[in-house]
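Visitor: Could you take me on a close look at one part of this structure? I would like to see how a single helix sits among its surroundings, and then how those surroundings connect to the rest.

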Amino acid sequence: MTTATVSPASFSPNNAAALIHDAAAVSGRPLSAVTGAEIQAPLIQGGHVRYANLDYGASAPALSVVSAYLNEILPFYASVHRGAGFASQISTSVYENARNIVRDFVGGRPDDSVIFTRNTTDSLNLLAGCLPATDGRPDGDVLYLDIEHHANLLPWQGVRHRSVVAADTIVGTLEVLRAELGQGNVSLLAVTGASNVTGEILPVKALAALAHEYGARIVVDAAQLAPHRRINISTDDVDYLAFSGHKLYAPFGSGVLVGRTDWLDAGTPHLAGGGAVREAKLDGVSWATGPARHEGGSPNVLGAATLARATQVIASLDQDRWHAHEAAIRSFLVDGLGTIDGVTVHQIFSDTDAETGTIGVVNFSVAGYDAGLVAAYLSAEHGVGLRDGRFCAHPLLKRLGIPSGSLRASFGVGSRLEDAQRLLAGLEQLRRTGLGWDYVVDAGRWVPANDTRTYPHWAPNTPGTAGAAPCLDN
Ligand SMILES: Cc1ncc(COP(=O)(O)O)c(C=O)c1O
């Protein structure tokens, strides 16, 4: 991989092309066009600035190609599996074909199931209802690490489970897992592909081999990995994979679970209702097998279709350019944060390869400031959007010594170095001159006092009054 090096001190958006030596001025401009890249954010002190979206890890903007595709298919939007009409048939064919596209994207085996869900959380909950059991008793435990997002932690707490604390190296974590698997009775290893908190990538293939060595299966929570790395579940020998469209540049509300059909066909139907049955009686039912078993009710055809379209765009990216683009922004940001007094960058593992072992996520704290206050300041005074809080990973934040939360900048194919530069400039100014406005806590969130900025006329609110971030409360 080629990585650009740009010194934060010397960087200005105007000279980016001269400073960056490869991959088409690697991240001075977006790698792919996204919808909303030019929206203007109002500043608390007056005026507007281009919104610097550094919150891709929460929900990524739609790829422009995906938005265009949505507009193209929208006129044909109709019921799926339920109508003989022209539009229904088109919608059904688009929906069913989306499964094949997603299967190809993840290198699925021909007999793998591809089930559309609401999101990654839904996918993992679905799988939790499909763990093997004999005479109603679970065959084994689900094993998970303490670094997981709640989506890959809480569903397993409702079934037989064991957790282990990750070591401070990736190599050590594999050893810890080996020791635990060696105790026996693990049916499923549930692990993230990349941490949503720090962006560190876990060695999926090695983890799969380890799980299989001890007779367990593996599910990879790829909510963060899939938008940043190609995954091949056949060559990596991964049994189940879950990810979300809204993090993969298709924010139209669909997720997916791909994987081995036997457990899924024998499992509890995820949504009991129309479409999930072969035959229903007043006091009994014969459940369908295949994706239908778990997709009760009318499916989200546009969500599935746009998710599939997004995977095609991501699959068509030149991988070296893609990784170089995100690595350049990341190293620029990490280097820049290192030059700002009182800023600490957080990571889990000491042996993570900074260049190849991370995705477009950087987590940090600013000494002396509540993370929520810094986020409110960056938004109100600099038009920079990022995430603060505990990232739905409470056990990890506690262990990292930041139990009250930190800040997360995340980016992807639509990002530019300028976005990172705007963040760094805002933090430098905070250090130099402090806050430029008064902030108060309202409904648990820091917001600018006396905020007179307005939303677009169709959005019924005023800035600063949006609800508390999920997983923020202590
Ligand atoms: C690693 C990881 N897993 C799971 C999830 C849950 O994704 P969703 O909210 O789409 O269900 C997230 C969301 O941030 C995540 O980052």
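Guide: Happily; here is a walk that begins at one helix and moves outward. Please keep in mind that this is a predicted model.

Let us begin with helix α4, residues 120-128. Nine of its nine residues are buried, so α4 is largely enclosed by the rest of the structure. Going along the helix, the buried residues are T120, T121, D122, S123, L124, N125, L126, L127 and A128. Their packing partners are β4 (113-117), α5 (154-157), β10, β11 (240-244) and β12 (255-259).

One residue of α4 also takes us to the ligand. T121 is among the residues that come nearest to the ligand, together with N119, N196, A223 and S244. The shell there has 14 residues, and its make-up is two nonpolar, eleven polar and one charged.

Now follow the packing partners outward. L241 is in contact with V106, V220, A222, I231, I233, V258 and G259, if neighbours within four places in sequence are left aside. L241 is also one of the residues that touch the most other members of the largest nonpolar core, along with L189, I218, V256 and L423. That core counts 124 residues, and helix α9 (residues 301-315) gives the most to it, with eight. Both domain 1 and domain 2 supply at least three residues to this core. In soluble globular proteins, nonpolar side chains tend to be buried together.

Another helix, α7 (residues 204-213), makes a useful companion to α4. In α7 the buried residues are V204, L207, A208 and A211. They lie on the same side of α7, because they cover an arc of only 100 degrees around the axis. Among the elements covering them are α6 (170-182), β9 (186-192) and β10 (217-221); β10 also packs against the buried residues of α4. After α7 comes G215, with a positive phi near 75 degrees.

Finally, step back to the domains. The assignment gives domain 1 as 8-54 + 318-448 and domain 2 as 65-315. Their centres, taken over C-alpha atoms, are separated by 30 Å. Where the two meet, 26 residues of domain 1 are in contact with 27 residues of domain 2. On the domain 1 side, α10 (319-338), β16 (361-366) and α12 (394-399) each supply at least two residues. The residues of that side divide into eleven nonpolar, twelve polar and three charged.

Note on methods. Residues numbered from 1 in each chain as written. Predicted model: local features only at pLDDT ≥ 70, side-chain atom pairs only at ≥ 80, totals over all residues. Domains from an automatic or database assignment. Contact = placed C-beta atoms within 7 Å. Helix = DSSP H or I, 4+ residues; strand = E, 2+ residues; numbered from the N terminus. Nonpolar A, V, L, I, M, F, W, Y, C, P; charged D, E, K, R; others polar. Buried ≥ 20, exposed ≤ 12 C-beta atoms within 10 Å, placed from the backbone. Arc of directions from axis to C-beta. Core = buried A, V, L, I, M, F, W, Y, C linked by C-beta atoms within 7 Å. Near = placed C-beta within 6 Å.
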